[in-house]
Amino acid sequence: DGPYEIFIDIKKVKDLYSFDVSSNEMKFGSQLTLKTLIDKFNSNASTSGYEYLSEIANHISKIANRAVRNTGTWAGNLAMKHAHLEFPSDVFICFETVGAMITLFDSNK
């Protein structure tokens with residue numbers, strides 16, 4: 001919503017692009033694009049306990065258009081929802097449906 005005086009490039013922060021799956025939890029970084037998230041969900045949908053991921057991937061694949069999915073992140077989508085409560089975030093609906101928990105980190109701690 002700007003205007004902004006400073007821009008910070010976070011592309012080299014590897015943790016923001018991570019994706020880890022264990023038997024009881026899945027963790028992924030905030031800078032995964034919607035397209036990457038779709039691909040990761042589809043490739044892990046055959047993992048026991050995560051079969052629902054193909055349905056979420058299918059739903060996310062309907063968000064906006066290909067260009068937005070290729071560049072926009074799931075966290076950016078949720079940030080839009082936070083800033084504009086009227087924004088109809090499908091990512092929010094999907095994550096709420098499965099009981100996802102978001103962990104925020106403070107760089108000062």
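A colleague questions a modeller about the predicted model above.

Modeller: Ground rules before we start. This is a predicted model, with residues numbered from 1 along each chain as its sequence is written; local features need pLDDT of at least 70, side-chain atom pairs count only at pLDDT 80 or more, and totals for chains, interfaces and linings use all residues. Side-chain values use heavy atoms, with hydrogens and water left out.

Colleague: Why is valine 91 called buried or exposed?

Modeller: Buried means under 20% relative accessible area, exposed over 50%, and partly exposed in between (1.4 Å probe, protein chains only). Valine 91 has a relative accessible area of 0%, so valine 91 is buried. Its place is in helix α5. Helices (H or I, at least four residues) and strands (E, at least two) are DSSP runs, numbered from the N terminus.

Colleague: What is valine 91 in contact with?

Modeller: Contact means heavy atoms within 4.5 Å. Leaving aside neighbours within four places in sequence, valine 91 is in contact with Leu34, Ile63, Trp74, Asn77 and Leu78. Alanine 75 is 16 residues from valine 91 in sequence, and 8.8 Å away in space, C-alpha to C-alpha.

Colleague: What makes serine 18 buried, exposed or partly exposed?

Modeller: Its relative accessibility is 24%, so serine 18 counts as partly exposed. Serine 18 sits in the segment before β1 (19–21). Beyond four places in sequence, serine 18 touches Lys27, Phe28, Gly29 and Leu32.

Colleague: And why does alanine 64 count as buried or exposed?

Modeller: At 54% relative accessibility, alanine 64 counts as exposed, because that value is over 50%. Alanine 64 is in the loop between α2 and α3. Its phi is near 50°, a positive value in a residue other than glycine.

Colleague: What makes a set of residues a nonpolar core?

Modeller: The members are buried Ala, Val, Leu, Ile, Met, Phe, Trp, Tyr and Cys residues, joined through side-chain atoms within 4.5 Å. The largest such core has 20 residues; Leu37, Phe41, Ile60, Trp74, Val91 and Phe95 touch the most other members. The elements giving two or more residues to this core are α1 (34–44), α2 (53–60), α4 (74–83) and α5 (90–97). Isoleucine 60, not counting neighbours within four places in sequence, is in contact with Leu34, Leu37, Ile38, Phe41, Arg69 and Cys94.

Colleague: How do you know that the buried residues of α2 line one face?

Modeller: They are Leu53, Ile56, Ala57 and Ile60. Down the axis of α2, they fall within an arc of 100°, so they line one face of the helix. The arc is that of the directions from the helix axis to the C-beta atoms. Their cover includes β2, α1, α3 (66–71) and α5.

Colleague: Why say that α4 has its buried residues on one face?

Modeller: Trp74, Ala75, Asn77, Leu78 and Lys81 are buried in α4. Seen down the axis of α4, these fall within an arc of 155°, so they line one face of the helix. What covers them includes β2 (26–28), α1 and α5.

Colleague: What is the volume of the largest pocket, and what makes a pocket differ from a cavity?

Modeller: On a 1 Å grid over the protein atoms alone, a cavity is a set of points where a 1.4 Å probe fits but cannot get out. A pocket is an open set with protein on both sides within 12 Å along at least five of seven lines, and lining residues have an atom within 4 Å of a point. The largest pocket has a volume of about 1,200 Å³. Of its 35 lining residues, Phe28, Trp74, Met101, Ile102 and Thr103 are the closest to its centre. α4 gives the most to the lining, with seven residues.

Notes
Points joined across faces, edges and corners; volume = space filled by probe spheres on them.
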